[in-house]
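Please look over the sequence and the three-dimensional structure below before reading on. The paragraphs that follow lead through the salt bridges, the contacts between the chains and the overall form.

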Amino acid sequence: MKPEEYAWRQLQTHAAAQLRRGFADRVLRAARGPQDETWRQLQAHAGAQLRPGFAARVLRAARQIPGVPSLRDQFAFSAATVALCVLTVVFIHSRSVRLEDERNLAGWEQLADEVQDLVHYR
Amino acid sequence: MEPTSPNALADLVRLAQRGDEAAQHELIVSYQHRVAGFVYAMTGRSDYVEDLAQQVFIKMIRALDRLQAPAQFESWLFRLARNTCIDQLRRQKLRRIFIPFGEEHENIAEPAGAVGTEELDALRHALAQLRPQDRALLALVQEGRSHAEIAEILSTSVAAVKARLHRAREHLREHYQPDHET
């Protein structure tokens with residue numbers, strides 16, 4: 001055997017020794033991809049994560065959590081909020097206008113009294 | 001466990017729509033394992049399965065009266081499941097942006113062999129490498145949904161479903177290594 005041929009054989013032997021047992025089987029399984037049985041195992045494992053009484057717990061939780069308000073309810077709530085805000089603004093505005101008027105009136109009355117006093121002294 | 005015929009299923013759904021609790025209970029029991037499997041395929045996390053499956057079924061009960069065609073219940077249910085899982089994965093991603101230190105706590109991979117056989121570990125590993133949309137696609141196929149139903153669930157065309165499914169299967173096969181050590 002020629003030295004280079006021997007070296008190639010050595011290399012081949014070393015490389016082949018790196019392959020773990022069952023290599024061909026693993027390659028075939030990888031090439032085929034996951035089989036239905038594997039998907040079934042996945043589903044069985046997931047199903048086993050559900051504690052007994054799952055359905056009853058879901059129904060109880062569905063009853064306890066308040067439902068999402070309907071679009072109509074949301075509109076009604078928005079309209080009521082807007083109306084409350086408008087009423088508050090109108091109330092505050094009219095009150096401040098009335099107070100301002102009363103203050104002005106008091107000022108004018110005081111001025112009129114002072115003018116009358118002045119006329120009286122003359 | 002499941003209603004034996006499409007008609008029986010449609011009748012059961014109609015009863016549940018009218019608020020019959022026994023019918024709602026039967027629907028949950030009939031589909032809980034399949035929904036759990038779907039959730040697990042989507043998230044790869046055993047500890048998410050019960051919470052997410054519960055969310056799916058609560059949504060189902062709440063929205064059941066809006067389902068126009070009881071015969072399409074299964075497609076509708078798996079659309080709810082898909083959307084719930086994708087929302088959860090998005091929330092998880094967002095949370096990671098805002099709480100970077102939480103990442104290592106959130107992604108504790110289940111050790112190899114902890115959940116089953118070498119094949120199951122390989123499938124979990126391969127699914128984890130795919131985009132959530134592709135995982136959903138493969139899980140829906142495993143659920144026995146037709147291409148037309150999947151197209152409806154994903155709001156896309158049958159041709160697009162076929163093309164995406166082909167790519168998703170290729171990717172899954174690329175990452176599926178039964179001797180993979182996670």
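**Charged network and chain interface**

In chain B, a network of salt bridges links B:Arg34, B:Glu74, B:Glu143, B:Arg145 and B:Glu149, where a salt bridge is a side-chain nitrogen of Lys or Arg within 4 Å of a carboxyl oxygen of Asp or Glu. This is a predicted model, in which local features need pLDDT of at least 70 and side-chain atom pairs count only at pLDDT 80 or more, while totals for chains, interfaces and linings use all residues. Residues are numbered from 1 along each chain as its sequence is written, chains are lettered from A and ligands numbered from 1 in the order in which they are written, and side-chain values use heavy atoms, with hydrogens and water left out.

Within that network, the side chains of B:Arg145 and B:Glu149 meet with N and O 3.0 Å apart. B:Arg145 counts as buried at 9% relative accessibility, whereas B:Glu149, at 23%, counts as partly exposed; buried here means under 20% relative accessible area, exposed over 50%, and partly exposed in between, with a 1.4 Å probe and protein chains only. Another member of the network, B:Glu143, is found in the loop between helix 7 and helix 8 (147-153) of chain B, helices being DSSP runs of H or I with at least four residues and strands runs of E with at least two, numbered from the N terminus. B:Glu143 counts as buried because its relative accessibility is 10%. Leaving aside residues up to four places away in sequence, B:Glu143 touches B:Arg34 and B:Phe78 in chain B and also A:Gln43 in chain A, a contact being heavy atoms within 4.5 Å.

That last contact leads to the interface between the two chains. Here 39 residues of chain B are in contact with 32 residues of chain A. The area buried between them is about 3200 Å², of which carbon and sulfur atoms give 66%; buried area is the accessible area, again with a 1.4 Å probe, that two parts lose on being put together, summed over both. On the side of chain B, the residues that lose the most area to chain A are B:Glu50, B:Arg62 and B:Gln142, together 19% of what that side buries.

Five salt bridges are counted between chain B and chain A. B:Glu119 forms a salt bridge with A:Arg29, and their closest N and O atoms are 2.4 Å apart. Eight residue pairs, both at pLDDT 80 or more, are in polar contact across this interface; a polar contact is a pair of N or O atoms within 3.5 Å, of which, within protein, one must be able to donate a hydrogen and the other to accept it, and residues adjacent in sequence count only if both atoms are side-chain atoms. The elements of chain B that give two or more residues to the side touching chain A are helix 2, helix 3, helix 6 (118-128), helix 7 (132-142) and helix 9 (158-175). Helix 2 of chain B gives the largest share of that side, 12 residues.

Seen from chain A, helix 4 (residues 54-64) has A:Phe54, A:Ala55, A:Arg57, A:Val58, A:Leu59, A:Ala61 and A:Ala62 buried. What covers these buried residues includes helix 2 (21-43) and helix 3 (46-63) of chain B. Chain A as a whole has five helices and zero strands, and of its 122 residues 16% count as buried. Its radius of gyration is 46 Å, whereas a compact globule of 122 residues would have one near 14 Å; the radius is taken over C-alpha atoms, and the globule rule is 2.2 Å times the number of residues to the power 0.38. The C-alpha atoms of chain A fill a box of roughly 150 × 50 × 25 Å, taken along the principal axes.

Over all chains, the whole structure holds 20 salt bridges. One of them joins B:Arg90 and B:Asp87 at 3.9 Å, N to O, and both residues lie in helix 4 (residues 73-98) of chain B, three residues apart, about one turn of the helix. B:Arg90 is exposed, with a relative accessible area of 53%, while B:Asp87 is partly exposed at 33%. In another pair, B:Asp134 forms a salt bridge with B:Arg131, the closest N and O atoms being 3.4 Å apart; B:Asp134 is buried, with a relative accessible area of 7%, and B:Arg131 counts as partly exposed at 48%.
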